[in-house]
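The following paragraphs lead the reader through a molecular structure, beginning with the arrangement of its chains and ending with its ligand sites. Please keep the sequence and the model in view while reading.

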Amino acid sequence: MLSLDLLAANLLSPVVLAFVLGVVATSLKSDLEVPPAMHSAMSLFLLLAIGFKGGVAVSQASLSTLWLPLLTTVAAGIATTLFAYLVLRRFVGLSKIDAAAVSAHYGSVSAVTFIAARDLSARVFGEPEGILVALLVALEIPAILIGLWLGQRSSRGGERMWLSIREVLTGRTMMLLGGGLLIGALAGAERMQRVTPLFFTLFDGVLVLFLLDLGMAAAKRLKDVRIVGWRFVAFTVAVPITHGVFGVWLGTALGFSPGGAAVFGAMLSSASYIAAPAAVRMGLPEANPSLYLTAALGLTFPFNLALGIPIYLAVARALS
Amino acid sequence: MLSLDLLAANLLSPVVLAFVLGVVATSLKSDLEVPPAMHSAMSLFLLLAIGFKGGVAVSQASLSTLWLPLLTTVAAGIATTLFAYLVLRRFVGLSKIDAAAVSAHYGSVSAVTFIAARDLSARVFGEPEGILVALLVALEIPAILIGLWLGQRSSRGGERMWLSIREVLTGRTMMLLGGGLLIGALAGAERMQRVTPLFFTLFDGVLVLFLLDLGMAAAKRLKDVRIVGWRFVAFTVAVPITHGVFGVWLGTALGFSPGGAAVFGAMLSSASYIAAPAAVRMGLPEANPSLYLTAALGLTFPFNLALGIPIYLAVARALS
Amino acid sequence: MLSLDLLAANLLSPVVLAFVLGVVATSLKSDLEVPPAMHSAMSLFLLLAIGFKGGVAVSQASLSTLWLPLLTTVAAGIATTLFAYLVLRRFVGLSKIDAAAVSAHYGSVSAVTFIAARDLSARVFGEPEGILVALLVALEIPAILIGLWLGQRSSRGGERMWLSIREVLTGRTMMLLGGGLLIGALAGAERMQRVTPLFFTLFDGVLVLFLLDLGMAAAKRLKDVRIVGWRFVAFTVAVPITHGVFGVWLGTALGFSPGGAAVFGAMLSSASYIAAPAAVRMGLPEANPSLYLTAALGLTFPFNLALGIPIYLAVARALS
Amino acid sequence: MSDSGLAWQQVRLLTIVAERLLRDRILRHLDQMSVSGYTVIDSEGRGSRGVMVDEWQGDNVEIQILASIEVVDRIAEKMRERYFEHYSIILFAQNVDVLRGDKYKRP
Amino acid sequence: MSDSGLAWQQVRLLTIVAERLLRDRILRHLDQMSVSGYTVIDSEGRGSRGVMVDEWQGDNVEIQILASIEVVDRIAEKMRERYFEHYSIILFAQNVDVLRGDKYKRP
Amino acid sequence: MSDSGLAWQQVRLLTIVAERLLRDRILRHLDQMSVSGYTVIDSEGRGSRGVMVDEWQGDNVEIQILASIEVVDRIAEKMRERYFEHYSIILFAQNVDVLRGDKYKRP
Ligand SMILES: Nc1ncnc2c1ncn2[C@@H]1O[C@H](COP(=O)(O)O)[C@@H](O)[C@H]1O
Ligand SMILES: Nc1ncnc2c1ncn2[C@@H]1O[C@H](COP(=O)(O)O)[C@@H](O)[C@H]1O
Ligand SMILES: Nc1ncnc2c1ncn2[C@@H]1O[C@H](COP(=O)(O)O)[C@@H](O)[C@H]1O
Ligand code: NA
Ligand code: NA
Ligand code: NA
């Protein structure tokens, strides 16, 4: 099912190779480093650019076709959060607080995984649906809210919960993705054309630099992996695959193209490591951050980048 | 006179929408932020790129046609500074020092307003005259000198004045605009071609990012607006309009195309918020910085960006 | 031999003019500055992009044609290091330690000199051989090892030597150049195409910004020039010319095109100011850093940028 | 305190090192506590927790506050109560000499 | 001062926090005042003025100077005279222990 | 030490300012010396040497370490032995008050 050239096309792409270079550099204790300001600049650029792309797509779509996918996405975000929570409680045996914290990450979404999936998918199947970006925005928040709610039932401080929710809704990720979406939709394809050379043409190149940086960050996280236990490690692979295959099926049921369904699968599969950690750290400070950071950035992200995405593409091809 | 689609073309441009996003993010107390190093990098890029563009234009113009516009621009810079000073003394009732400090800003020029005007003008009327960049450089300095001189008559320390003048002339803005102009003129169009993809093709995209950042800065400045009084607020709109319409008329009289005249109007209308504040802070430390920063960046810049520029375009169209 | 239009083509290129602007700004004590994070970001970009370019070239070359140039390059790196050491001991009269430290720089290579030479060469003779980048990587290290070894014979601490060697091999420069080379070679031309707009199309523009920054750094270094004595200053010009002409001859003997031979000459001629200083500072701390930094960055780099490169081009043209 | 003609006065300098995420909250506390000002410096660090959740903005911040003993104690108390248990945060205090000491001594 | 074999000596540490615009001027003063060195750190802050005119380079700088009591007083006096009235600037001083104390004690 | 109900305890604060190149080595020393943590700040500076070889990463770093007198002396001794002769490096120490003093007092 998972053809070799799909794997090769993915593993030999500059994006994945740059990630590997980052991991190698950190393992060799190289003094290579990406300045923090450059990291922020690239995040900002990538999120805004995704927003713009999605906004242009939305401006060309009829709004009536958006509601069903949007609602389905929110429902899927809630379902995957709860499923991850159950697995973490029953199978991994985490405490309530830790399980809630981790599940918030696995119900939410990683924008970079989305981008990498979109890239490979576009090369294999042609451009996927543009409205997927709108779904990306919709998938980000619900899981975090559910996770915070699950965790704070067993903890003090509901006030803290509202503070955290406020922070997620006005946080950078939402501002850039959501704001970019609005700008793209309001300006429309023609007016956006003058910013195309920066935001669209350079996108893949910036992604390569960003993944070099993420590779270094992921390798640092991996040092904590000994602490977490094999059941937890198994979780970080098995649950994403489950979510991913479920997502591909759901995407196909929604009538997406095979490429779109594969990207939708990768979205459900991915775990947030930008918006969720900050929100969970503020809202559930008792939870152990090593757990969710190691899992989302150190294990699930590399897994999806290298193997997960080709798998979801293969599943999408098989289902179509 | 001010047609609706001109307004729409402006307000729905990604540049203006990005500014609004910045204002909104700051109002919502979002943690969105542009790293200071990225801000500096973008300023540097934009100023150098404008210089390059102007230099290439100047290298293609005959120098004999440059003298009249240059002298007129310097004269106009002095005239608008004095006019602003009078209005601030008589109508707003500022102290001599504060009036001098603020008028230095309104006689000088904002490079970003120039760029935004050039952009809209190019879309509506086609590319305006390239030598406008040389005028931009010429307009920057005189007002600051006049302002410092007006202020320091009533204060101690002529030594301080010379220090400030030295600093304006060797300051970043002059180095990048003036240096870029020289490089562009010396290298010429053909040799500059290899840097076109970075400095010219990406220009509009970088401008969008820069305005996101300026939106956040402007919103922060606006918090001080309560202190300044309604007469001062009226000044920040009425005087720029006056300067702008005067500039359009002057540009038309100089034989510019309608687009060029509109851009020239926007230049005269705009208030400096990079070069002037630093120079005035050093040269007139007794002046209240909240006044000139709130006015130039918090009020006049957004006004021009949203409404002023379309107005000057409409006036130019009517006069031509 | 050195035609005037070759000189003009070089001196009026935006890259050289930007360097001059940087020197002027620093001499005028301007407050112009490139944020450190932007400096690092540009270094990272340029090194990785060179690596990518070379990797793509290597992926298209047959490996059997690579061995001879590679071995010759390593031998030339050792030879130039030893030659520089002899001149520094006999003619300049430096101490053993200082001579070893400086010779490590002159046997190694400056990536920016390589790029500038490649640029001018491409404009004059057409694209030079792509495998030159692989030679650049090979030329970097041997001289540093020889220099450390020369210096540490007369000093304590062999342990320190191994630490330094480890650091050179895992240092940023190697990671980015070597890692980029591997990525480019593994991914191949077709897969790299999506990152072309960032890494290849923008390359020259970024180089202009980088040289503005280097101009400021070089001007700062030049302040120390009084301390070093005229014999040392003579060394910083005469030895690079010798190395450069030798390199052009060697490149021609290796069968390179005239452009390729000229670039090879510029490589041998150039002195490292990124990798070597850091390694030498750690491995030979007794050596005086002002010597090697002033020489490599303050004297030899500007000389090569302005005059050396056109000279090697003229020599290559004469030899072909 | 020195022997010169300058009127050095003693106040207390409190330094807080905390994970970046707490930055805005701590500054909001300070704004409410009649502090005359503060200085914030980006920093990195290692400690007993070593958590860095905010890849975006880098590691830690160091916040320096000049204030009277009482105010410094009140701030320290607040930090202990709110953040010591679950967050990466340390603080230390010392006496320093300032000119214009009244500036820092709002009650 | 500690009890170890190390020869700790007391000198004075002066810390100046000022708006970025003053940076180069203050350093020029220091160069003229026989100071053996200084350390400069970028910082942000809020104070009684809270002015930031230089969007370009960010907020404040913190400058640390190790020197003798006399030199520190001379610097403080100069800062007060030149900048206290109109600019955002504060300073504080304290005693610290250094090794190689002579290094910091040029007259 | 203040008079409040808070249990301030005295420990020693060591500040090292060194050229950027030494950063990772110094931190490796600290990791081996049973220090409970450290804080690192980017800085620039001028001193008796004023060497900056690492254009890439900027100038100096300032490293702050809270520890017992003994550990601080041990670190200072190590720095003197290894780096004072050839590198740009200075250090100073002072007493500060902390809460939870035991945290910093591993032997
Ligand atoms: N002993 C120490 N000396 C200096 N800084 C420390 C020390 N311990 C902790 N820190 C700083 O305080 C932050 C939080 O510490 P912690 O709460 O122990 O994780 C660390 O990231 C360091 O920046
Ligand atoms: N009480 C304080 N504690 C610490 N830093 C302060 C304090 N007051 C002022 N500052 C710093 O000094 C700068 C100038 O202060 P000011 O002159 O009061 O505006 C501020 O931006 C802060 O960085
Ligand atoms: N007197 C001083 N006061 C404050 N910082 C200093 C002083 N002397 C040196 N430094 C700092 O320590 C670094 C190294 O000093 P040095 O070893 O003297 O070159 C300098 O770059 C400064 O950042
Ligand atoms: Na998910
Ligand atoms: Na104006
Ligand atoms: Na060489």
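By what turn and what shift along the axis can chain A be laid on chain C? A turn of 120° with a shift of 0.0 Å along the axis lays chain A on chain C with an RMSD of 0.0 Å, copies being superposed by least squares on the C-alpha atoms of residues with pLDDT of at least 70 in both. That is the relation of a three-fold axis. Within chain A, the C-alpha nearest this axis belongs to A:Ala37, at 3.7 Å from it.

Some conventions apply throughout. The model is predicted, so that local features need pLDDT of at least 70 and side-chain atom pairs count only at pLDDT 80 or more, whereas totals for chains, interfaces and linings use all residues. Residues are numbered from 1 along each chain as its sequence is written, chains are lettered from A and ligands numbered from 1 in the order in which they are written, and side-chain values use heavy atoms, with hydrogens and water left out.

The interface between chain A and chain C comes next. Here 29 residues of chain A are in contact with 25 residues of chain C, where contact means heavy atoms within 4.5 Å. The size of an interface is often given as the accessible area lost when the parts come together. Between chain A and chain C the buried area is about 2300 Å², and carbon and sulfur atoms give 76% of it; buried area is the accessible area (1.4 Å probe) that two parts lose on being put together, summed over both. On the side of chain A, the residues that lose the most area to chain C are A:Leu12, A:Pro14 and A:Leu21, which together account for 20% of what that side buries. Only 7% of the interface residues of chain A are also interface residues in chain C, so the copies meet through different surfaces. Other pairs of chains do not touch: no contact joins chain A and chain E, whose closest C-alpha atoms lie 13 Å apart. Chain B and chain F likewise have no contact, with their closest C-alpha atoms 13 Å apart.

The ligand sites can be taken in turn, starting with ligand 1. Its surroundings comprise 20 residues, of which D:Ser48, D:Asn60, F:Thr39, F:Leu66 and F:Lys103 come nearest; a residue is near a molecule if one of its heavy atoms lies within 4 Å of it. Because these residues come from chains D and F, the site is shared between chains. Several polar contacts (pairs of N or O atoms within 3.5 Å) involve oxygen atoms of this ligand. A polar side-chain atom of F:Thr39 lies 2.8 Å from an oxygen atom of ligand 1, an N or O atom in the side chain of D:Ser88 is 3.1 Å from an oxygen atom of ligand 1, and a polar backbone atom of F:Tyr38 is 3.3 Å from an oxygen atom of ligand 1. Taken alone, ligand 1 exposes 480 Å², and the protein buries 98% of that, by the Shrake-Rupley method with a 1.4 Å probe. Strand 3 of chain F gives the most to the shell, with three residues; strands are DSSP runs (E, at least two residues), numbered from the N terminus. By class, the shell around ligand 1 divides into seven nonpolar, ten polar and three charged residues. In this scheme Ala, Val, Leu, Ile, Met, Phe, Trp, Tyr, Cys and Pro count as nonpolar, Asp, Glu, Lys and Arg as charged, and the others, Gly among them, as polar.

Ligand 2 is surrounded by 21 residues, the closest being D:Thr39, D:Leu66, D:Lys103, E:Ser48 and E:Asn60. Chains D and E both supply residues, so this site too is shared between chains. A backbone N or O atom of D:Leu66 lies 2.8 Å from a nitrogen atom of ligand 2, and a polar backbone atom of D:Gly37 is 3.3 Å from a nitrogen atom of ligand 2. The side chain of D:Lys103 places an N or O atom 2.9 Å from an oxygen atom of ligand 2. Of the 480 Å² of accessible area that ligand 2 has on its own, the protein covers 98%.

Around ligand 3 there are 21 residues, and E:Thr39, E:Leu66, E:Lys103, F:Ser48 and F:Asn60 come nearest. Residues from chains E and F surround ligand 3, so its site is shared between chains. An oxygen atom of ligand 3 is 2.8 Å from a polar side-chain atom of E:Thr39, and a polar backbone atom of F:Ile89 lies 3.0 Å from an oxygen atom of ligand 3.

Note on methods. Polar contact = N/O pair within 3.5 Å; in protein donor to acceptor, adjacent residues only side chain to side chain. Helix = DSSP H or I, 4+ residues; strand = E, 2+ residues; numbered from the N terminus.
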